[in-house]
Amino acid sequence: MARQTHSSRPSRVVVIGLGRFGGSLAVELVERGSEVLALDNRPHLVQQFSDAVTHAAVADTTDPEVLRQLDVPDFRRAVVAIGDDLEASILTTSLLVDFEIPHIWAKAVSRQHGRILERVGAHRVVLPEHDMGERVAHLVTGRMLDYIQFEDDYAIVKTRAPAAAVERPLSETKVRSKYGVTVVGIKRPGEGFTYATQETVLHHGDILIVSGRSRDVERFADLT
């Protein structure tokens, strides 16, 4: 059997907190090939996920000695998914920072909570409920089929080709100069997505992947 190289080794992630967000994340990571150590101070949740993850343990993650015994400092990736105990969330994140874990994600239940997590050293803060609410709001109130917003007010949306841009090559529609957006991909009915080029001609019914500043992609989607 061929020896496994370093690049082919599965990633190792410690997930702390097995509520709805942490539990589903841990399972998804395992399904994607990661080795997951799942920790929670509630025995019934640890039992629930014990067969779905690589390792699971009941632990007080605010105790540095407990984390050391579980080899948490050896992990390069950690997710703090504690949402119902802000003090435990902040203390646990702070300990992971002290352990110099290179990649720390932390769940926040509010923007204020998120700011505190950033100050103690979390590398990435996620607000699952807020982010999902914002995404759904865009889909409900606009003409978008899907919406993903990134940092610095940048977004990618899936929308239908507007009448103002069909039956002409993209180079002639001047979508970028008029609306400040870039058509990244295109899907015709019954076909898969393909990259869009300046020679691509859009037709009614085409689905587009469009990128740009949030306000610009929203304005473009409203043309449909």
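This briefing covers selected local features of the structure above. The model is predicted. A search of the whole structure finds two aromatic pairs, and strand 9 is paired with both strand 11 and strand 10. Helix 5 has its buried residues on the same side. Positive phi values occur at Asp71 and Lys174, neither of which is a glycine.

**Helix 4 and Thr92**

- Thr92 belongs to helix 4, which spans residues 86-98.
- The relative accessible area of Thr92 is 0%, so this residue is buried.
- Beyond its neighbours within four places in sequence, Thr92 contacts Ile16, Thr61, Thr62, Val80 and Ile82.

**Helix 5**

- Helix 5 runs over residues 111-120, and its buried residues are His113, Gly114 and Leu117.
- These residues lie on the same side of helix 5 because they cover an arc of only 100° around the axis.
- In an α-helix there are 3.6 residues a turn, so residues three or four places apart point the same way.
- Arg111, Gln112 and Arg119 are exposed, on the face of helix 5 turned away from the buried side.
- The cover over the buried residues of helix 5 includes helix 4, strand 5 (103-107) and strand 6 (124-126).
- Gly121, just after helix 5, has a positive phi of about 125°.

**Strands 9, 10 and 11**

- Strand 9 (residues 181-187) pairs with strand 11 (residues 207-213) through six bridges, in the antiparallel sense.
- Strand 9 and strand 10 (residues 193-195) also run antiparallel, joined by three bridges.
- Ile186 has a partner in each of these neighbouring strands: Leu208 stands opposite in strand 11, and Thr194 is the bridge partner in strand 10.
- The hairpin of strand 9 and strand 10 has five residues between the strands, and Gly190 in this hairpin takes a positive phi near 80°.

**Aromatic pairs and a charge over a ring**

- A pair of aromatic rings is described by the distance of the centres and the angle of the planes.
- The search of the whole structure gives two aromatic pairs.
- One of them is Phe150 with Tyr154, a tilted pair at 6.3 Å centre to centre with 50° between the planes.
- Phe150 is partly exposed, at 43% relative accessibility, and Tyr154 is partly exposed at 35%.
- Tyr179 and Phe220 form an edge-to-face pair, because their planes are at 65°, with the ring centres 5.6 Å apart.
- Tyr179 is in helix 8 (residues 175-179) and Phe220 is in helix 9 (residues 214-221), so this pair ties together parts that are 41 residues apart in sequence.
- Tyr179 is buried at a relative accessible area of 16%, and Phe220 is buried at 1%.
- Arg12 lies over the face of Phe75, 4.1 Å from the ring centre.

**Positive phi in residues other than glycine**

- Asp71 has a positive phi near 60°.
- Asp71 sits in the loop between helix 3 (64-69) and strand 4 (77-80).
- With 41% relative accessibility, Asp71 counts as partly exposed.
- Lys174 has a positive phi of about 55°.
- The loop between helix 7 (170-173) and helix 8 holds Lys174.
- Lys174 counts as partly exposed, at 48% relative accessibility.

How values were computed
Residues numbered from 1 in each chain as written. Predicted model: local features only at pLDDT ≥ 70, side-chain atom pairs only at ≥ 80, totals over all residues. Heavy atoms only, no water. Helix = DSSP H or I, 4+ residues; strand = E, 2+ residues; numbered from the N terminus. Buried < 20%, exposed > 50% of the residue type's maximum accessible area, 1.4 Å probe, protein only. Contact = heavy atoms within 4.5 Å. Pairing = 2+ DSSP bridges. Arc of directions from axis to C-beta. Phe/Tyr/Trp six-rings, centres within 6.5 Å; stacked < 30°, edge-to-face > 60°. Lys NZ or Arg CZ within 6 Å of the ring centre and 35° of its normal.
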